[in-house]
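Reader: Please take one sheet of this model and go through it closely, strand by strand. After that, add what else in the chain deserves a look.

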Amino acid sequence: MTTYQYFIYFLLLFVNAYPLRGQVAQLPTPWTETASRAEVPLAEYPRPQLQRAEWLCLNGKWDYLGGKDAPDAFQPQKPAVFDNVAEKILVPYCPESFLSGIQRKQEINMWYRRIFEVPAAWKNKQIILHFGAVDHDATIFVNGEQAGSHAGGYDAFSINITPFLKNGKNTLIVAAKDLNDGKTPSGKNGPRGDYTFTSGIWQTVWLEPVNKHFIQGIRLLPELDHGRLKIFVESDGAKKISAAAYDGKQLITKSDGVSGSYFYLPIKIRSSGRQTALFSMT
């Protein structure tokens, strides 16, 4: 086959694999079509080291308001109006990407809207809204009220939205401002980097219910020479912390501590099997 024939052959393969759309994938992979058609993309629990059994993934199609005529999204006092907004964006893909369904370069003011309902089983629980990452300045509105804000495009953040919720349907609006000027931390993205800009919501968004007092964070520092695990637990108002290690279903060791202070869990490392640490609090 000639070079031209090879070109036509691979072009036909591409067209058959990826039907024509309003946007064209610049670097398609065997998973591009599957990802773009997923109703809930990246549906796995996003934080495996602190996983809770109950949670609700908010990834998927959101209403989207962007482009050069979008309202200023930097620390707004009230949410944008979504009347007659027809664009949809597939969260958590950034609007510059093909998978998002937008594929516009350098979005600066971005507004997202999602309608959700809190599961009935979560009644009397505190509801925490989590964002894996939003680039760069984010303001969160729940049912028209400002619930919180965050600056920084690379770190996760969480907001307790319980006071803003109501029975039935709730409206979540996210305003994201990203100047895309290369002055804010942008890694390899931007005019001096290797990649195009990445703006807006670009990591998983999810809800989870917690008790009045709950574990917010855990630091685990193995001390192999001493045969123990150094533990620090951050919590919201709890005092007593219990930690236990299991080999399968067999309890190996248990220790009690206090929230906000280091304590130790003695563990004898075994040559086989896998140890699992579990935490509880009162």
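Author: What follows starts with one sheet and then moves to other strands, a few backbone details and a pocket.

The model is predicted: local features need pLDDT of at least 70, side-chain atom pairs count only at pLDDT 80 or more, and totals for chains, interfaces and linings use all residues. Residues are numbered from 1 along each chain as its sequence is written, and side-chain values use heavy atoms, with hydrogens and water left out.

The sheet chosen is open and has three strands, in the order S13-S14-S17, with antiparallel pairing. Strands (E, at least two residues) and helices (H or I, at least four) are DSSP runs numbered from the N terminus, and two strands pair if DSSP finds at least two bridges between them. The edges are held by strand S13 (215-223) and strand S17 (263-266); each has a single partner strand, so one side of each lacks a neighbour in the sheet. On average, neighbouring strands are turned by 30° against each other, direction ignored; the axes here are lines fitted to C-alpha atoms, for helices over the stretch in contact, and angles run from 0 to 180 degrees between N-to-C directions.

S13 and S14 are antiparallel and share eight bridges. One residue pair across them is leucine 220 with isoleucine 231 in S14. These two strands form a hairpin with four residues between them, where glycine 227 has a positive phi near 60°. S14 (residues 228-235) also runs antiparallel to S17, joined by four bridges. On that side, arginine 228 has proline 266 of S17 as its bridge partner, and leucine 229 is matched with leucine 265 in S17.

A second hairpin is made by S15 and S16, with two residues between the strands, and glycine 248 in its turn has a positive phi of about 70°. S15 pairs with strand S16 (residues 250-258) in the antiparallel sense over eight bridges, and alanine 244 faces lysine 254 in S16. Six of the eight residues of S15 are buried, where buried means under 20% relative accessible area, exposed over 50%, and partly exposed in between (1.4 Å probe, protein chains only). Alanine 245 belongs to S15 (residues 240-247) and is buried, at a relative accessible area of 1%. Its C-alpha lies 9.1 Å from that of serine 255, which is 10 residues away in sequence.

Another open sheet has four strands in the order S1-S12-S5-S9, again with antiparallel pairing. Its edge strands are S1 (56-57) and S9 (157-160), each pairing on one side only. S1 runs antiparallel to strand S12 (residues 205-210), with two bridges between them, and leucine 56 stands opposite leucine 207 in S12.

Cysteine 57 is buried at 14% relative accessibility, and cysteine 94 is buried at 12%. The structure holds zero disulfides, a disulfide being a pair of cysteine sulfur atoms within 2.5 Å.

Next come some backbone details. Most residues other than glycine have a negative phi, and most peptide bonds are trans. The bond from valine 91 to proline 92 is cis, with omega near 20°; proline 92 sits in the loop between strand S3 (88-91) and strand S4 (109-117). Aspartate 135 and histidine 136 are also joined by a cis peptide bond, with omega about 5°, and histidine 136 lies in the loop between strand S6 (134-135) and strand S7 (137-142). Glutamine 75, although not a glycine, has a positive phi of about 50°. This glutamine 75 is in the loop between strand S2 (60-65) and S3, and is exposed at 52% relative accessibility. Asparagine 143, not a glycine either, has a positive phi of about 55°; its place is the loop between S7 and strand S8 (145-151), where asparagine 143 is partly exposed at 24%.

Last is the second largest pocket, with a volume of about 630 Å³. Of its 20 lining residues, the closest to the centre are Gln26, Glu96, Ser97, Phe98 and Thr196. A pocket is an open set of points on a 1 Å grid over the protein atoms alone, where a 1.4 Å probe fits, with protein on both sides within 12 Å along at least five of seven lines; lining residues have an atom within 4 Å of a point. Grid points are joined across faces, edges and corners, and the volume is the space filled by probe spheres set on them.
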